[in-house]
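Please look through the sequence and the model below, and then follow the path from one side chain to its surroundings.

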Amino acid sequence: MARHVIAPVDELPPGTRKFLEIDGRPIAVFNIKGEYFGLMNRCPHQGAALCEGPLIGLAQSSDPGEIEYTKLGEIIRCPWHGWEFDIRTGQSYCDPRRFRVKAYPAHVEPGTSVVKGPYVAETVTVKVESDYVVVEL
Ligand code: FES
């Protein structure tokens with residue numbers, strides 16, 4: 001599993017997503033309330049750019065008239081036909097047994113573990129001060 005540095009943490013604040021291509025695969029990395037998740041940006045239904053859809057919550061009902069709205073901002077709705085997937089796992093809420101979006105673990109690593117330092121360039125010391133978002137494929 002190769003590690004890929006995606007962005008400094010400051011460039012991916014909570015509630016945002018970043019689109020990129022890694023090894024020819026379209027990926028989106030999400031910051032959901034300070035947790036990071038990677039998802040293949042291709043809907044398993046008909047191939048839409050899934051991660052361009054809106055982030056919503058999950059409406060569940062155990063009894064008629066009783067609706068519980070959970071996972072606010074953790075479900076992505078495909079912009080083409082509205083299928084819904086869990087950002088954390090890629091699980092479909094339309095047909096969980098047949099459809100799943102490839103999910104990639106993402107996490108934050110200290111800048112010093114991503115880029116070894118300190119460096120010396122023409123007698124100038126370089127220090128890494130910020131952390132980076134990293135995704136694993
Ligand atoms: S392409 Fe995503 S729901 Fe149809």
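Trp83 is buried, at a relative accessible area of 15%, where buried means under 20%, exposed over 50% and partly exposed in between, with a 1.4 Å probe and protein chains only. This is a predicted model, in which local features need pLDDT of at least 70 and side-chain atom pairs count only at pLDDT 80 or more, while totals for chains, interfaces and linings use all residues. Residues are numbered from 1 along each chain as its sequence is written, and side-chain values use heavy atoms, with hydrogens and water left out.

The structure holds one aromatic pair, a term for rings of Phe, Tyr and Trp (its six-membered ring) whose centres lie within 6.5 Å, with planes under 30 degrees apart counted as stacked, over 60 as edge-to-face and the rest as tilted. The partners are Trp83 and Phe99, which meet edge-to-face at 4.8 Å centre to centre with 65 degrees between the planes. They link distant parts of the chain, 16 residues apart, with Trp83 in the loop between E6 and E7 and Phe99 in the loop between E7 and strand E8 (103-109); strands here are DSSP runs (E, at least two residues), numbered from the N terminus. Phe99 is likewise buried, with a relative accessible area of 16%.

Three strands form an open, antiparallel sheet in the order E5-E6-E7, where two strands pair if DSSP finds at least two bridges between them. Strand E5 (55-63) and strand E7 (84-86) stand at the edges with a single partner strand each, so one side of each is left without a neighbour in the sheet. Strand E6 (residues 66-77) pairs with E7 over three bridges, and Phe85 in E7 is the bridge partner of Ile76.

Key:
Helices (H or I, at least four residues) and strands (E, at least two) are DSSP runs, numbered from the N terminus.
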